[in-house]
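Take a look at the structure below. Keep it in view while you read this short report.

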Amino acid sequence: MKSPLSSSSSSMGVLRKPRLSPYLFTLFTFIVFITILYGEDFICIFGQLEPIPGRAISRPVKKREKLAFAIGKSEEKCDVFKGRWVRDELTRPLYEESECPYIQPQLTCQEHGRPDTEYQKWRWQPHGCDLPSFNATLMLETLRGKRMMFVGDSLNRGQYVSMICLLHRLIPEHAKSMKSYNNDALTVFRAKDYNASIEFYWAPFLLESNSDNTVIHRVSDRIVRRGSINKHGKHWKGVDILVFNTYLWWMTGLDIKILKGSFEDEEKEIIKVSAEDAYRMAMRSMLRWVRKNMDRKKTRVFFTSMSPTHGKGIEWGGEHCYNQTTIIEDPNYWDSNSRKSIMKVIAEEFSKSKFPITFLNITQLSSYRKDAHTSIYKKQWSPLTAEQLANPVSYADCVHWCLPGLQDTWNELLFSKLFYP
């Protein structure tokens with residue numbers, strides 16, 4: 001007969017698998033679920049707590065994504081848009097006016113009698129760093145098999161022409177061409193050996209407007225159609241590098257008329273809004289279009305800030321841009337026509353963008369250049385009257401810029417930000 005003790009010992013030798021309490025299992029599952037769902041929020045919350053003295057806290061660092069076409073990065077703490085103009089007779093101008101047949105007659109100041117060339121001999125020098133030299137070979141090789149497009153008004157067209165002037169000398173005569181399409185709204189420069197194009201698309205408001213005609217667009221009663229970005233945007237699809245601008249056409253001094261519906265409607269519903277609100281509407285439409293149509297891994301988008309004017313000489317101790325041959329040396333000068341309220345709209349809307357927009361802040365550095373406008377040295381589309389001829393200030397252009405000149409610097413900055421953001 002077996003003793004009870006041996007029987008009991010035998011039963012204890014059998015190991016039982018531990019069982020997890022259903023309550024503990026439910027609690028564990030709940031914790032895992034909450035951690036997955038609200039993990040980022042916990043990081044944000046705990047990241048804002050004061051650290052315990054003497055103890056280091058490691059915080060997750062979000063790696064900045066590499067932008068398309070970047071081959072390096074700019075110097076630490078270097079703002080290329082802050083600096084000063086320096087005389088440079090060795091490397092300026094970057095090309096001669098007579099060497100570039102693509103400059104429109106509205107910008108060929110030497111051809112139209114400007115007696116001096118001093119405006120061509122200034123180089124932008126950022127504080128504490130240098131701009132990389134414009135490398136036309138690198139730019140063309142980067143554009144091989146690609147499209148670059150400038151979209152906006154005549155000031156953006158000037159920057160577009162400047163870019164072509166900086167590049168075309170490397171391209172044989174038989175391997176380059178320039179043609180216009182879509183009733184001259186689209187101008188295309190082709191570098192055949194590179195299978196590349198540099199294009200300009202006329203859209204002064206970016207949205208559809210009654211100023212979209214490339215010839216007859218000086219209408220006093222300007223109307224912009226709300227939500228109409230695709231009217232022009234369909235021509236921008238497939239572009240690899242986009243350079244936008246829009247500003248001057250919004251600055252009428254009056255509220256902007258916004259069309260709800262279509263220009264073809266018999267009865268049009270039009271409302272008036274402030275320039276800032278209308279501009280914000282355009283920025284949101286542009287950013288929405290970019291987000292839907294551009295690939296952040298393969299393409300780049302630039303936005304050129306407002307170009308200053310110099311029609312009110314009283315601001316800088318002169319009379320007018322006419323006959324000006326020197327720069328403004330006051331580092332604190334700001335052109336009053338460059339509305340800071342618009343800059344604020346740009347900053348607010350761009351900060352919300354999920355697509356990286358490279359902002360070319362040319363406003364301040366250009367405001368010093370009262371000497372660089374076309375003034376009276378350009379083609380006049382209408383014969384001048386005797387009264388105008390007697391008073392050149394009455395017809396001098398203090399908006400556009402001579403080429404070669406200031407806008408070549410804008411493209412040096414674009415080059416810098418494209419390759420060394």
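The report goes through cores, cavities, a strand pair and three single residues.

## The nonpolar cores

This is a predicted model. Its largest nonpolar core holds 103 residues. Met139, Leu242 and Phe244 have the most contacts inside this core. Helix 6, residues 275-293, gives the most to the core, with 10 residues. A second core is separate and has 7 residues. Cys109, Tyr119, Tyr395 and Cys402 are among them.

Now follow Leu242 through its contacts, leaving aside neighbours within four places in sequence. Leu242 meets Met149 and Val151, and also Trp236. Further along the chain, its partners include Trp289, Met294, Arg300, Val301 and Phe302.

## Two cavities

How many cavities of 30 Å³ or more does a search of the whole structure find? There are 2. The largest has a volume of about 80 Å³. Its lining includes Arg92, Pro93 and Leu94. Tyr119, Gln120, Trp122 and Arg369 line this cavity as well. The list is completed by Gly405, Leu406, Asp408, Thr409 and Glu412. Helix 10, residues 406-419, supplies the largest share of the lining, 4 residues. By class, the lining has 5 nonpolar, 3 polar and 4 charged residues. Tyr119 also appears in the second nonpolar core.

The second largest cavity has about 50 Å³ of space. Asp153 and Leu155 help to line this cavity, and so do Asn245, Thr246, Tyr247 and Leu248. Thr304, Ser305, Met306 and Ser307 belong to the lining too. The classes here are 4 nonpolar, 5 polar and 1 charged.

## A strand pair

Strand 4 covers residues 176-181, and strand 5 covers residues 186-191. The two run antiparallel and are joined by 6 bridges. In this pair, Lys179 stands opposite Val188 in strand 5.

The two strands form a hairpin with 4 residues between them. Asn182 takes a positive phi there, near 55°. In a regular strand, side chains alternate between the two faces of the sheet.

## Ser375 and Glu349

Is Ser375 buried or exposed? Its relative accessibility is 3%, so Ser375 counts as buried. Ser375 is found in strand 13, residues 373-375. Leaving out residues up to four places away in sequence, Ser375 touches Cys321, Tyr322 and Asn323, along with Tyr395, Ala396 and Asp397. Tyr395 is one of the residues of the second core.

Glu349 has its place in helix 7. Glu349 is buried because its relative accessible area is 4%, under the 20% cut-off. Which residues does Glu349 touch, not counting those up to four places away in sequence? They are Arg280, Met283, Arg284 and Leu287.

## Thr325

Thr325 is found in a loop. The loop lies between strand 11 (300-304) and helix 7 (340-350). Thr325 has a relative accessible area of 39%, so this residue is partly exposed. That value falls between the cut-offs of 20% and 50%.

Where does the chain come back to Thr325? Asp371 is 46 residues apart from Thr325 along the chain, with 4.7 Å between their C-alpha atoms. Thr325 touches Asp371, and also Asp116 and Glu118, not counting residues up to four places away in sequence.

How values were computed
Residues are numbered from 1 along each chain as its sequence is written. This is a predicted model: local features need pLDDT of at least 70, side-chain atom pairs count only at pLDDT 80 or more; totals for chains, interfaces and linings use all residues. Side-chain values use heavy atoms; hydrogens and water are left out. A nonpolar core is a set of buried Ala, Val, Leu, Ile, Met, Phe, Trp, Tyr and Cys residues joined through side-chain atoms within 4.5 Å. Buried means under 20% relative accessible area, exposed over 50%, partly exposed in between (1.4 Å probe, protein chains only). Contact means heavy atoms within 4.5 Å. On a 1 Å grid over the protein atoms alone, a cavity is a set of points where a 1.4 Å probe fits but cannot get out, and a pocket is an open set with protein on both sides within 12 Å along at least five of seven lines; lining residues have an atom within 4 Å of a point. Grid points are joined across faces, edges and corners, and a volume is the space filled by probe spheres set on the points. Ala, Val, Leu, Ile, Met, Phe, Trp, Tyr, Cys and Pro count as nonpolar, Asp, Glu, Lys and Arg as charged, and the others, Gly among them, as polar. Two strands pair if DSSP finds at least two bridges between them.
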